[in-house]
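Reader: I have the sequence and the model open side by side. Could you walk me through the fold?

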Amino acid sequence: MKATPLDQERLLELQKIDTQILQAEHRRKSLPELAEITRLSDEIAELSRQRDEQAVEHSDIKRELAKAEEDVEQVRTRKKKDEARLASGTGSAKDLENLQHEVATLDRRIAALEEVELGVMVRFEEAGQALSALAEKISALESEKSAIDEVVNTKLAEIKDELVKLVADRKDLSSTIDGELIKLYEKIRSDRDGMGAAEIIRRRCTGCQLDLTAADAARFAASAADEVIRCEECRRILVRTADSGL
Ligand SMILES: [Zn+2]
């Protein structure tokens with residue numbers, strides 16, 4: 001294939017732009033912040049699960065507390081009735097004695113139930129504190145995550161601007177290069193990790209980084225300037241420049 005030396009030079013420029021596009025796309029996918037966001041999201045999900053469990057436990061204890069309060073109240077009501085009857089002084093001496101016994105029993109019962117109530121209150125308090133602690137942790141992680149989200153969005157916007165410019169440059173440049181040469185370049189590029197053309201620098205192919213054999217170097221040096229030459233090792237289009245050493 002033939003192509004003017006100018007087209008070959010432009011092809012190298014095009015390769016530079018294409019390499020920059022690949023690098024920008026790679027940067028976009030591998031921002032270190034993306035891994036950090038994934039880690040934080042996982043942590044938030046796990047803590048939210050724990051918070052939901054804790055909320056269920058908290059409301060279970062709340063019901064338990066209401067029940068314990070009710071138990072104490074019931075016995076207190078019963079005791080008040082007994083005391084009222086004692087105060088009225090109606091009934092036989094035996095009845096009144098029985099009532100006094102009952103009031104003493106109810107006092108002990110109230111004390112025992114109040115003990116239970118207090119225990120439930122302490123557990124309710126603790127469960128509430130655990131719930132608040134989890135909610136605080138989650139909200140701290142969410143702030144951390146949204147700060148990183150902002151950094152990511154800024155970086156992504158910068159990369160996007162860079163890509164828009166590179167793609168526009170690429171379009172302008174490729175429109176000035178012979179179509180057949182572009183076609184060959186694109187075909188090689190898709191087979192060779194995005195690199196279709198390479199400069200020869202000091203008798204070395206900068207595509208595969210292998211030195212030219214003496215025979216190939218001699219052949220390339222003797223080829224017409226508009227002859228499209230290719231690396232015998234990687235098959236990329238080789239562009240000769242002042243640095244080629246041929
Ligand atoms: Zn090569």
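Author: Gladly, and one definition comes ahead of the rest: two residues are in contact if their C-beta atoms, placed from the backbone, lie within 7 Å. This is a predicted model, in which local features need pLDDT of at least 70 and side-chain atom pairs count only at pLDDT 80 or more, while totals for chains, interfaces and linings use all residues. Residues are numbered from 1 along each chain as its sequence is written.

Reader: Leaving aside its neighbours within four places in sequence, which residues is leucine 238 in contact with?

Author: Leucine 238 belongs to strand S4, residues 237–239. Beyond the neighbours within four places in sequence, its contacts are Ala198, Ile200, Cys205, Phe220, Ile229, Arg230 and Cys231.

Reader: In what order do the strands of the sheet run?

Author: Helices (H or I, at least four residues) and strands (E, at least two) are DSSP runs, numbered from the N terminus, and two strands pair if DSSP finds at least two bridges between them. The sheet is open, has four strands and shows mixed pairing, in the order S2-S1-S4-S3. Pairing on one side only marks the edge strands, S2 (204–205) and S3 (229–230).

Reader: In which sense do S1 and S4 pair?

Author: Strands of a sheet pair through backbone hydrogen bonds, either parallel or antiparallel. Alanine 197 has isoleucine 237 of S4 as its bridge partner. Over three bridges, S1 (residues 197–201) and S4 pair in the sense called parallel.

Reader: Which residues touch the most other members of the largest nonpolar core?

Author: A nonpolar core is a set of buried Ala, Val, Leu, Ile, Met, Phe, Trp, Tyr and Cys residues joined through C-beta atoms within 7 Å; buried means 20 or more other C-beta atoms within 10 Å of a residue's own. The core has 19 residues, and those touching the most other members are Leu11, Ile237 and Leu238. The elements giving two or more residues to this core are S1, S4, H1 and helix H4 (179–191).

Reader: How far does helix H2 reach from its first C-alpha to its last?

Author: H2 covers residues 32–88, 57 residues in total. The expected span is 1.5 Å times one less than the number of residues, here 84 Å, and H2 comes close to that with 83 Å.

Reader: Why is the protein more spread out than a compact globule?

Author: The protein has five helices and four strands. The globule rule, 2.2 Å times the number of residues to the power 0.38, gives 18 Å for 246 residues, so the protein is more spread out than a compact globule, with a radius of gyration (taken over C-alpha atoms) of 42 Å.

Technical notes: A residue is buried if 20 or more other C-beta atoms lie within 10 Å of its own, exposed if 12 or fewer, and partly exposed in between; C-beta atoms are placed from the backbone.
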